[in-house]
Amino acid sequence: MGKNIQEIKEVKGFMPRSVVYAEKISEDFGEGLAGFYQAIWAEREDGLSMKQKHLMVFAIACSNNNIESAVKILERLKKFEATRAEISDAMMIAAWTGGIQNFTDFSVAVLKEMERLGF
């Protein structure tokens, strides 16, 4: 396992499946994809914070009704000290962009996980 792959696991808190699959095809491909993740998740001066980035991807996951990802991202949001109000705002944006049916679908699992994590 290469350097980029190790670092992306630390940044994301888990190994993205796409990196795992890419590495099975070719170590270079895995390293390249991990480098892409690193570029996206890098903290830049005057850029978005890690919390803001995770709130964005949380809202997108909810909007796309990707419940598994939304629930997983909540753990990262807890680590980056997101508030219940911030998460609720992201859920409302997801309802706006993804529609009320997606909101209805993802809310049950997300609210349950929020309670479990103490939000």
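Select Glu81 to begin: this residue follows helix 5, and its phi is positive, near 60°. Keep in mind throughout that the model is predicted.

Step back along the chain to helix 5 itself, residues 67-79. How far apart are the end C-alpha atoms of this helix? They are 19 Å apart; at 1.5 Å a residue, the 13 residues should span 18 Å, so the two values agree.

Show the side chains of helix 5 next. Which of its residues are buried? Ala70, Ile73, Leu74, Arg76 and Leu77 are. An α-helix has 3.6 residues a turn, so residues three or four places apart point the same way. To see what covers the buried residues of helix 5, display helix 1 (3-12), helix 4 (50-63), helix 6 (84-98) and helix 7 (100-117); the buried residues pack against these four elements.

Now move to helix 2 (residues 17-25) and helix 3 (residues 27-41). Their axes come within 5 Å and cross at roughly 155°. Angles over 145 degrees count as roughly antiparallel, and helix 2 and helix 3 are therefore roughly antiparallel to each other.

Select the residues in this contact. On the helix 2 side they are Ser18, Val19, Ala22, Glu23 and Ile25. On the helix 3 side they are Glu27, Phe29, Gly30, Leu33, Ala34 and Tyr37. Colouring the contact by residue class gives 7 nonpolar, 2 polar and 2 charged.

Stay on helix 3 and pick Gln38, which is found there. Is Gln38 buried or exposed? With a relative accessibility of 18%, Gln38 counts as buried, because buried means under 20%. Its contacts, leaving aside residues up to four places away in sequence, are Asn4, Glu7 and Ile8. Select these three to see what Gln38 touches.

Finally, zoom out to the whole chain. A cartoon view shows 7 helices and 0 strands, in the order α-α-α-α-α-α-α along the sequence. The C-alpha trace spans about 40 × 30 × 25 Å along its principal axes. Of the 119 residues, 36% count as buried.

Two further values apply to the chain. Among contacts between residues at least 6 apart in sequence, 59% join residues at least 24 apart. Switch on the surface last: the accessible surface comes to about 7300 Å², and carbon and sulfur atoms account for 56% of it.

Technical notes:
Residues are numbered from 1 along each chain as its sequence is written. This is a predicted model: local features need pLDDT of at least 70, side-chain atom pairs count only at pLDDT 80 or more; totals for chains, interfaces and linings use all residues. Side-chain values use heavy atoms; hydrogens and water are left out. Axes are lines fitted to C-alpha atoms, for helices over the stretch in contact, and angles run from 0 to 180 degrees between N-to-C directions. Helices (H or I, at least four residues) and strands (E, at least two) are DSSP runs, numbered from the N terminus. Angles under 35 degrees count as roughly parallel, over 145 as roughly antiparallel, 65 to 115 as roughly perpendicular and the rest as oblique. Contact means heavy atoms within 4.5 Å. Ala, Val, Leu, Ile, Met, Phe, Trp, Tyr, Cys and Pro count as nonpolar, Asp, Glu, Lys and Arg as charged, and the others, Gly among them, as polar. The expected span of a helix is 1.5 Å times one less than its number of residues. Buried means under 20% relative accessible area, exposed over 50%, partly exposed in between (1.4 Å probe, protein chains only). Accessible areas come from the Shrake-Rupley method with a 1.4 Å probe; for residues, only the protein chains shown count as cover.
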